[in-house]
Amino acid sequence: MIFGIPVQAFLGQLLIGLINGSFYALLSLGLAVIFGLLRVINFAHGAQYMLGAFVAFLLLQYFAIGYWAALILAPLIVGLLGAVIERTMLSRLYNLDPLYGLLFTFGLALTIEGTFRYLYGASGQPYAAPSWLAGGTNLGFMFLPNYRGWVVVVSLLACLGTWLLIEKTKLGSYLRAATENPVLVQAFGVNVPLLLTFTYALGAGLAAFAGVLAAPVYQVSPLMGTNLIIVVFAVVVVGGMGSIMGAIVTGYMLGIAEGLTKVFYPEASNIVIFVIMAIVLLLRPAGLFGRDA
Amino acid sequence: MVELSEKMATNVQPERTASMIQVGLLVVAVGCLAAAPLFLYPIFLMKLLCFALFACAFNLLLGYTGLLSFGHATFFGGAAYFTAHAVKEWGVTPEIGILIGVAGAALLGLVVGFFAIRRQGIYFAMITLALGQMFYFFCLQAAFTHGEDGIQSVPRGHLFGLIDLNRPTSMYYFVLVAFLIGMAIIWRFINSPFGMILKSIRENEQRAISLGYSVRNYKLGAFVMSAALTGLAGGLKALVFQFATLTDVGWQMSGEVILMTLLGGIGTMIGPIVGAGLVVTLQNYLATSDFPVTIVTGIVFMACVLLFRRGIVGEFYTSRLGKKLGF
Amino acid sequence: MKPLLEVKGLNSWYGESHVLHGVDMTVREGEMITILGRNGVGKSTTLRTIVGILRERKGQILFDGKDMMTVPLHRTAHAGIGFVPEERGIFATLTVEENLMLPPVVAKGGLSLEEIYGLFPNLAERRTSPGTKLSGGEQQMLAMARILRTGVKMLLLDEPTEGLAPVIVQRIGEVLKKLKERGMTVLLVEQNFRFASKIADRFYLMDHGQMVADFPVSELPDQMPMLHKVLGV
């Protein structure tokens, strides 16, 4: 018993929190990467997450392409779609107030979600986890469904991989430099417009990756990204978008906080992240890892 | 966001003929509204007026203060719940019910604004969205809102205990008068010294701070004002449709009012009214087909941002005819 | 020597304000040119317009015989023009070495990393620190060094000595002389007249967005009265 709660229930909720935290981390990471360079808050991030799950579902349905290939293909397809959108439309908005980027991507999200809702209805479609991740493992102190363990591990790896890409590679140094002074980086001979396209595609691809991971956990539904993205916005406000690591850490932290709230005060579990956001705004308006107020 | 529209709002030429034309247009417009129930369904007209007021109240914040709130459904839907609860459970007269809705919305505005004005721009939008979602979940669970069912069969009652609002025409003129009062308040507010200071904050916040204005208080004031007027629209809507549900507090509703304002013209007095008219008409039209409204809404959103950021009225003002008429 | 950079009738605008009013200038291969002029006459703008950072421009820019007016900003470096901005443009989120390695190599003939570290030992010592943790003088060295890696033919330098101690200014002068020996063409904007007079081959004098005079360093003594008048020094 922990604080009068059975250990099993406690750890179970902690695991759910960790799973949710994985998705928060992956999504807020993508938002932060896009915002850093493009100065656009990608409202369509939730829709791109949903697209990832749907692409996986459709690949299986129509081409008998399974989970593992989908885990690679769906992010590529959604990333490519993102690249097209950035090139043809989003790139026209860079010289304007960033609010226009938010409004544009909001419209994009509505269009994508509306289309899928029209085609596939609002209800969810099941998507099975790969067979060797089915079942679970008894850890002695708790029962761990294998697929959920896999989600935690893989999303952690994806987060770290993205962090390494940005902090430790040549491409990452272009991204960081262009975040600070895009004009000078371009004057040095780096194709910054292409870099922007790549960055948006990367962010969209990450969202789609999270979507494929989520497909077997939740159901594949056109609305799966909508409410999630609003929570992720709160995560981003709490963490501040100045730091990649900050986005990741805040995502996991808030997921766990949410899981624990489910144990102790379930009625508030829907809103606990918003409450934390409000508290952070009072104490540290720039966010936990924010650099600018 | 609104440098362009700002120009339109202040670019009022002092020419007599032009302003005569404008006054003339205003009189004609009010006349049309007064005669409208003869030609169109009162319920449709009332819906239109509620949303037009909602959009104008929202525009007070976006167009004249430069703050994009993504959570205005909180005040719209919140006021609808308050008004509905007051007239149904407490049995107050409709005008008192509306005032309770307005007061409740103002209070919500004070709380949300208090948190949101701590950040600017994009963050402000995200915070208002998140707090709006929080309020949505609150409404989903609170007892007095009746969760998924909402508050149903709200009585319209007797205005001042005298006029029976169950007659569609009476109800329509009540809504029209309330709408005109709301518009007059907005117009007065924008052209007051307070409104001028808001404009200067929007144009250059640092300069306003260095001039010694307490920028936060002004922003909060504008936020509460906008929330209260939104509450007026929400309360009216609850009486018109005789119910208050979760739809009115959802983020989709917050998005809808942004679309109305953007489509009509941010920072113009009548843009949001035009935008609301178009969106409401479009929704009514699409409701009879099975084509989903969200797709159309999304596409219109993208088209507005990409192609005509000034909105319909804004584009008209900058057009040749608009300039001739002195806008 | 054949001309490397030819500018004719160059005009440019910052939004509504018209800054360059028909700049004409020619820089020959291997020359070291200094543009002199009072504050605000358009010296920095000339560099920024040639590089293409300022794109509201009209006129002609030929570099190595190639028309640069239609070349996108990210291709100017590949044509052979390197730029060191006045604010130096050292990136805070990049280490010294990342800053150094940032500009892509555009042609053979640039310095290798070892050569750069040989020329600027301070940078080698601090290669893992964040770029902006360097002193002002070191940052200026870094800003120049990273362009030298790229193999560009011509270096546009905006006020390299601004705000730096005399000993560092001297060091920058030495570096520039070394570059000249290697055949680098340099176009320099400089307020420090004493510094410029020691290293430049030729001067352009700028006023009101135009070049009003040009003369080689040998004529400097004869031109002093006129310079006094225009520069107010």
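1. Let's start inside chain C: C:Met154, C:Leu156 and C:Asp158 point one way from β7(C), while C:Leu155 and C:Leu157 point the other way, and all are buried. Here, buried means that 20 or more other C-beta atoms, placed from the backbone, lie within 10 Å of the residue's own. Strands are DSSP runs of E of at least two residues, helices are runs of H or I of at least four, and both are numbered from the N terminus. In a regular strand the side chains alternate between the two faces of the sheet.

2. A word on what you are viewing: this is a predicted model, where local features need pLDDT of at least 70, side-chain atom pairs count only at pLDDT 80 or more, and totals for chains, interfaces and linings use all residues. Residues are numbered from 1 along each chain as its sequence is written, and chains are lettered from A and ligands numbered from 1 in the order in which they are written.

3. Which strands pair with β7(C)? Strand β6 (residues 81-84) of chain C does so in the parallel sense over 4 bridges, and C:Ile81 has C:Met154 as its bridge partner. Strand β8 (residues 185-189) of chain C also pairs with β7(C) in the parallel sense, over 5 bridges, with C:Leu156 opposite C:Leu187. Pairing requires at least two DSSP bridges between the strands.

4. Now for the chains together: chains A and B share the most contacts of the 2 pairs of chains in contact. No contact joins chain B and chain C; a contact needs C-beta atoms, placed from the backbone, within 7 Å.

Technical notes: A residue is buried if 20 or more other C-beta atoms lie within 10 Å of its own, exposed if 12 or fewer, and partly exposed in between; C-beta atoms are placed from the backbone.
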